[in-house]
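Subject: Structure handover

Hello,

Here is the structure you asked about, with the sequence. My notes on what turned up in it follow below.

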Amino acid sequence: MMMMQNEDNFERRKSATVSSLVMTSGDDDDDKSRAGRVDERVRDFVERVNACENIFTTSSCSGRVSIFAERTEEDCKEKRKGGEWVFVSHELVVKEEEEEERSLMVEKMKESLRKSSSTLTLRFEPFILAVETKDEHTARMFVKCARDAGYRESGVVSTVDESKRASGSGRITASARCSIRMEALVAKDGEMLLSDEGLRILVEECNKKMKANWERADRFYALFTERFCGEKKTDDALIINSKNNNNNNNGGDTSNNSHSGRTEKAKRCWFLVDSLCAKTCKDALKRNGWLDQSRKSASASIEEAQRRHLVVDNPVVHEEIDGDVEGKENTGEDGKKVKKPKALPPKKSFVKLPVIETNAFVTLMDKNATAVEPSSAPIHFAISLNLATFIVEDVDAPGNENGSRSNSGSGSSSSSSS
């Protein structure tokens, strides 16, 4: 009886929340993160979540750059609440070869400083998605999905305790968050603290974080769709970055988006690794179900490893002990016999292990990642030492071994490590 009451309450809350959502357009200049509003870039994701049975969204934001005016002494005397948003953008602040957005931001900053002795803070805030779920299992699934996509600060925010379960009023909520935010003081007591050049540098950094933010949100959307809806999303189905391309390429002209036809090509994913760690990494890949056992491993050249910025030189040991013969037993200081290891060759050797592409690789490619599962730790360790990387190859036709083309974007994790 209590369970049915909880489920009825969940359905009522979901129905009320979904019906109250307002989907904004790209021309809306207001802050799209206010209650009840869903900004355009995250609209498809929100609709996808709300279409699932045991979950619905409670708040969302695709990421934003803002200038916030803190409360002044006059505000405090008049007991006025909070500060005010001087500028908010959910897009890149400076578009390619355009200065309109930054000019608008600077003008609004100057206007705010003319009106009062404000303290202004430039902020970048990343994508966030908060949800309520019908049960704890769904909440844990959501958090696992978010963390696998790179949102390592995600977690279950609240669970139903026994007292609330009895009243039927308990709620289970979770959120997807990450740490690529930024905050900088740009004006103090009505005076600008930065030169135009200093402000430009900060804005460029915000734009870099915004692009990384969109890429990570795309990965999350694809992974959520795969795990919650049973659909595998292809490159041209990703939502947030595709909108970015349409908005920033020649005013929405999609004639240059030739990459959208990649779905017709087969893809092969490999784990390029130093031969000395290959066995340990292969075991880890197998444990996690990522090793593609339908294909064989392949040797890789030093040149390919260098192109991927891997370490190709073995360490040189300069220490020599008189009388020691390489590979022979010698007596140590404690009188015990020790065997001096054989010297390594000058160059390393590399092997390519066939793997099944998964969004979990995103976290492993982040060298600063801390929330790495123990079962995949050897893989992350090799990557963090520049001894391994994931690569993807496009194959023009099945079975055509010579028709593969390496994806130039693979093997780099800079876009996802902020």
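**Overview**

Of the 418 residues in the protein, 42% are buried. Please keep in mind that this is a predicted model. Its secondary structure comes to twelve helices and 18 strands. Among contacts between residues at least 6 apart in sequence, 71% join residues that are at least 24 apart.

**The two cores**

The largest nonpolar core has 51 residues, and the members that touch the most others in it are F142 and F220. Helix 7, residues 196-229, supplies the largest share of this core, with twelve residues. A second core, separate from that one, has 24 residues, among them F271, A278, L291 and V355. As background, nonpolar side chains in soluble globular proteins tend to be buried together.

Which residues does F142 touch, leaving aside those up to four places away in sequence? They are I55, L129, V131, A174, S175, A176, F220, F224 and F228.

**Helix 7 and what follows it**

Helix 7 has 34 residues, which at 1.5 Å a residue should span 50 Å. Its end C-alpha atoms are 48 Å apart, so the model agrees with that expectation. Just after helix 7 comes G230, with a positive phi of about 70°.

**Aromatic residues**

The count of aromatic pairs comes to twelve. One of the pairs is F45 with F127: the ring centres are 5.9 Å apart and the planes are at 15°, so the pair is stacked. Stacked here requires planes under 30 degrees apart. F45 lies in helix 2 (residues 43-50), while F127 is in the loop between strand 6 (120-125) and strand 7, so the pair ties together parts that are 82 residues apart in sequence. F45 is buried, at a relative accessible area of 0%, and F127 is buried too, at 1%.

F45 and F127 also belong to one aromatic cluster, together with F142, Y151, F220, Y221, F224 and F228. F142 and F220 therefore appear both in this cluster and as the members of the largest nonpolar core that touch the most others.

**E132, a buried charged-type side chain**E132 lies in strand 7 (residues 128-133). Is E132 buried or exposed? E132 has a relative accessible area of 0%, so E132 counts as buried. The side chains of E132 and R171 are joined by a polar contact of 2.7 Å. Not counting residues up to four places away in sequence, E132 touches F10, R13, N54, I55, F56, T58, R171, I172 and T173.

**Cysteines**

How many disulfides does the structure hold? The number is zero. A disulfide needs two cysteine sulfur atoms within 2.5 Å. For C52, the closest cysteine sulfur is that of C229, at 4.0 Å, which is too far for a bond. C52 counts as buried, at 10% relative accessibility. For C277, the closest cysteine sulfur belongs to C281, at 5.4 Å, and this is again too far for a bond. C277 is buried, with a relative accessible area of 17%.

**G150**

G150 sits in the loop between helix 5 (136-148) and strand 8 (155-158). G150 is buried, with a relative accessible area of 4%. Along the chain, G150 and F220 are 70 residues apart, and their C-alpha atoms are separated by 7.9 Å. Beyond residues up to four places away in sequence, G150 touches C178, R216 and T363.

**Positive phi outside glycine**

Most residues other than glycine have a negative phi. Two residues to look at in this respect are D189 and N386. D189 has a positive phi, near 50°, and lies in the loop between strand 10 (182-188) and strand 11 (191-192). N386 is not a glycine either, and its phi is positive at about 60°. The loop that holds N386 runs between helix 12 (377-384) and strand 17 (388-395). At 26% relative accessibility, N386 counts as partly exposed.

Regards

Notes:
Residues numbered from 1 in each chain as written. Predicted model: local features only at pLDDT ≥ 70, side-chain atom pairs only at ≥ 80, totals over all residues. Heavy atoms only, no water. Core = buried A, V, L, I, M, F, W, Y, C linked by side-chain atoms within 4.5 Å. Buried < 20%, exposed > 50% of the residue type's maximum accessible area, 1.4 Å probe, protein only. Helix = DSSP H or I, 4+ residues; strand = E, 2+ residues; numbered from the N terminus. Contact = heavy atoms within 4.5 Å. Polar contact = N/O pair within 3.5 Å; in protein donor to acceptor, adjacent residues only side chain to side chain. Expected span 1.5 Å × (residues − 1). Phe/Tyr/Trp six-rings, centres within 6.5 Å; stacked < 30°, edge-to-face > 60°.
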